[in-house]
Amino acid sequence: DEANKMNNMVKKLLTLNQLEFGNNQVTFERFNIIQVLRSVINSETLLAEQKNAVIHMADYDPIYVWADEYMVEEVITNYISNAINHVSGENKIEVSLENRQDVVRISVFNTGKCIPEDELDKIWIKFYKVDKARTREYGGSGVGLSIVKAIVESMNQSYGVDNYTNGVKFWFTLEQVQEYFLFFYPQKQM
């Protein structure tokens, strides 16, 4: 078990190192973000059920984005697994999307404790942990959110976190593919 944790941490550090030094090639492609979200939710449902938590996402029509699908999946997986590890209270996790001009904002909200305001900007720093004792319980390394930051920045997009009275919402944006875009740039179709 410890060897697996160490192996996962080394892999994450290598990924982060490649992203930070620009050695990891971002492969932009058009894909349906709804399918990726559903896939990650399906793979994380068992872990959520073990914590008596429910992951919910409303039904959405297909939304096509222009990004690196593998990297986006990594960001979503990180946000949802963090939500599962920190959910409490009503034990609800809500995944949502919002159109904002040329981007779509993907959010993962979980009920539970808020992040102290003075630590909101620090959580993106490698190895930083808000609650060290609690993070040790589930084997968190403090690397995941720094990988999220590096991935989202490599795609020239935004990310963040917002506290609410009953929980925390992590979010990031992706460039949305518009219909006129497909007309003028057909080579970017799948």
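Buried means under 20% relative accessible area, exposed over 50%, and partly exposed in between, computed with a 1.4 Å probe on protein chains only. The model is predicted: local features need pLDDT of at least 70, side-chain atom pairs count only at pLDDT 80 or more, and totals for chains, interfaces and linings use all residues. Residues are numbered from 1 along each chain as its sequence is written, and side-chain values use heavy atoms, with hydrogens and water left out.

**Core**

A nonpolar core is here a set of buried Ala, Val, Leu, Ile, Met, Phe, Trp, Tyr and Cys residues joined through side-chain atoms within 4.5 Å. The largest such core has 47 residues, of which Ile33, Tyr79, Phe172 and Leu174 touch the most other members. Helix 3 (residues 69-86) supplies the largest share of this core, eight residues. Helices (H or I, at least four residues) and strands (E, at least two) are DSSP runs, numbered from the N terminus. In soluble globular proteins, nonpolar side chains tend to be buried together.

With neighbours within four places in sequence left aside, Tyr79 is in contact with Val108, Trp124, Leu145, Val148, Tyr159, Gly160, Phe170, Trp171 and Phe172; contact means heavy atoms within 4.5 Å.

**Aromatic groups**

Rings of Phe, Tyr and Trp (its six-membered ring) pair if their centres lie within 6.5 Å; planes under 30 degrees apart count as stacked, over 60 as edge-to-face and the rest as tilted. There are six aromatic pairs in the structure. In one of them, Phe109 and Tyr164 have ring centres 5.9 Å apart and planes at 85°, so the pair is edge-to-face. Phe109 belongs to strand 5 and Tyr164 to strand 6 (residues 159-164), so this pair ties together parts 55 residues apart in sequence. Phe109 is buried at 14% relative accessible area, while Tyr164 is partly exposed at 35%.

Trwo residues elsewhere also pair edge-to-face: Trp124 and Phe170, at 5.9 Å centre to centre and 75° between the planes. Both Trp124 and Phe170 are buried. One aromatic cluster is formed by Tyr79, Trp124, Tyr159, Phe170 and Phe172.**Charged groups**

A salt bridge is a side-chain nitrogen of Lys or Arg within 4 Å of a carboxyl oxygen of Asp or Glu. By this rule the count is four, and the table gives bridges from among them.

| Acidic residue | Basic residue | Closest N to O |
|---|---|---|
| Glu90 | Lys92 | 3.1 Å |
| Glu98 | Arg100 | 3.1 Å |
| Asp162 | Arg105 | 3.2 Å |

The bridge between Asp162 in strand 6 and Arg105 in strand 5 links parts of the chain 57 residues apart. Asp162 is partly exposed at 26% relative accessibility, and Arg105 is buried at 10%. Glu98 is partly exposed at 39%, as is Arg100 at 37%. Glu90 is exposed at 51%, whereas Lys92 is partly exposed at 47%.

A charge sits over a ring if NZ of Lys or CZ of Arg is within 6 Å of the ring centre and within 35 degrees of the ring normal. The charged end of Arg105 sits over the ring of Trp171, 3.9 Å from its centre. Likewise, the charged end of Arg30 sits over the ring of Tyr64, 3.9 Å from its centre.

**Backbone**

Most residues other than glycine have a negative phi, and most peptide bonds are trans. Asn52 has a positive phi near 55°; this residue lies in the loop between helix 2 (33-50) and strand 2 (54-57). Gln101, also not a glycine, has a positive phi of about 55° and is found in the loop between strand 4 (92-100) and strand 5 (103-111). Asn52 is exposed at 63% relative accessible area, and Gln101 is exposed at 76%.
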